[in-house]
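The following paragraphs offer a guided reading of one protein chain. The reader is invited to keep the sequence and the model in view throughout.

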Amino acid sequence: DDPWTKAVTETFARHSLIRLLRGRQIGLLSMIFVRPYLLPFITNIEEEFIATGIGGVLGNKGAVIGRFRLYGIPFCFVGVHMAPHIQNLEKRNEEFHEIVQTKFSDSLCKAFLDHEFIFWSGDLNYRLDESVSQERAIAAIRPGDSESLKPFDQLARVRAEGKAFAEFQEGPLSFPPTYRYDIGTQDFDSSPKARVPSWCDRILWRATGKLGIGLRQDTYTSYEHYCNSDHKPIGAKFTLAFQPDDAKQNVEFAFPRTTWACNQEARVLYSLEPGTSVSSWDWIGLYRMGWSHLKDYVTYCWACSDDRAERERRRCQVVFESTAVPSEPGLFQLVYHSKKYDRVLGVSPAFEISKDISVDESLTNKTDF
């Protein structure tokens, strides 16, 4: 992984978040992280890359798109770097319309705008109108009067005119313009170009409302204390309120009353939901808690084959050989990987692998075999 991916992934792992998707297109990097317990309910994962740079093919400008279904609900996340410079307003509008023409392989959600929720973020590069000078903009920003500049924001105008982002929403711009600063300072551009401060960096969203699921934006802010770029980073927090209907993993793990012991054979019991197909290429990975990606398994074993699963009435047992069980104790999770579905079908609760076998009622899964 590149340094940015490594640093962000390690940071999120400390908060028990797993990297689901990572897309990179030259200087544009987009990542999606989720809680491990959500993995069995995520399907139809796809990534798309749209290049809109020089000649419409160079990837220095464009979009990285990640999409999936969670509990059957289609989500789409778009990270962009759009055309720069004040005079390229129409080019930015054209890039928007090009990106929203993206198609996906999901038979029930092929079109970009078919997604129930779309989050669009990055350097959109919309500026303040040419009628606003740098001197005038800074004079308004310094005493905290950024509000007076908002009528000159290009993005707000094209949304109001229906030329781009008409169906998208944005929270209040309660922070100063995010571009352009002298690197290492809080000062706006002092170069001969004297670029006019602008809200180039934005986060917008779109919700169709067809499913009656509420989406609320809780925060929308910039992080002005960061000075290692000519932009100020921004962030937003959203709350999605819905209750999945009796959601069950396709694979449910059950554990005996004894914890696992280091370097000793361990048996894994699990059951399959009716209608779940399995393959001889399915496997179960063992992950040490704090893992950050599905590739981070410590060891693995093959799952039950289809005929064996049927013979055992969808109740299966596999064995991790003693040589595969870690020699260092700790907390771990099991993850069932499906070859046919190309996704995770089940994630176990955390359990202990100890130096010595002992009874621990708190780690007992009550699934009845």
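In this predicted model, a suitable starting point is the pairing of β12 with strand β15 (residues 315–320), which is antiparallel and rests on 6 bridges. Within this pairing, Tyr270 has Cys316 of β15 as its bridge partner.

Strand β12 also pairs with strand β10 (residues 251–254); these two strands run antiparallel and are joined by 4 bridges. Here Tyr270 of β12 is the bridge partner of Phe253. Tyr270 thus has bridge partners in the pairings with β10 and β15. As for its surroundings, β12 spans residues 266–272 and is mostly covered, with 5 of its 7 residues buried.

These strands belong to a chain with 18 strands and 5 helices. The C-alpha trace extends over about 75 × 40 × 35 Å along its principal axes. Of the 369 residues, 48% count as buried. When contacts between residues at least 6 apart in sequence are considered, 64% of them join residues at least 24 apart.

The surface may be considered next. The chain exposes about 18,500 Å², of which carbon and sulfur atoms supply 51%. Its side chains include 44 positive and 49 negative ones, and the centres of these two sets lie 1 Å apart.

Finally, the confidence of the prediction deserves attention. The mean pLDDT of the chain is 91, and 92% of the residues reach 70 or more. Over residues 359–369, however, the pLDDT is below 50, although this stretch has 24 contacts in the model beyond near neighbours in sequence. Predicted coordinates should not be read in detail where pLDDT is low.

Note on methods:
Residues are numbered from 1 along each chain as its sequence is written. This is a predicted model: local features need pLDDT of at least 70, side-chain atom pairs count only at pLDDT 80 or more; totals for chains, interfaces and linings use all residues. Side-chain values use heavy atoms; hydrogens and water are left out. Buried means under 20% relative accessible area, exposed over 50%, partly exposed in between (1.4 Å probe, protein chains only). Contact means heavy atoms within 4.5 Å. Accessible areas come from the Shrake-Rupley method with a 1.4 Å probe; for residues, only the protein chains shown count as cover. Lys and Arg count as positive and Asp and Glu as negative; His and the chain ends are not counted. The place of a charge is taken as NZ of Lys, CZ of Arg, CG of Asp or CD of Glu. pLDDT is the predictor's confidence in each residue, from 0 to 100. Two strands pair if DSSP finds at least two bridges between them.
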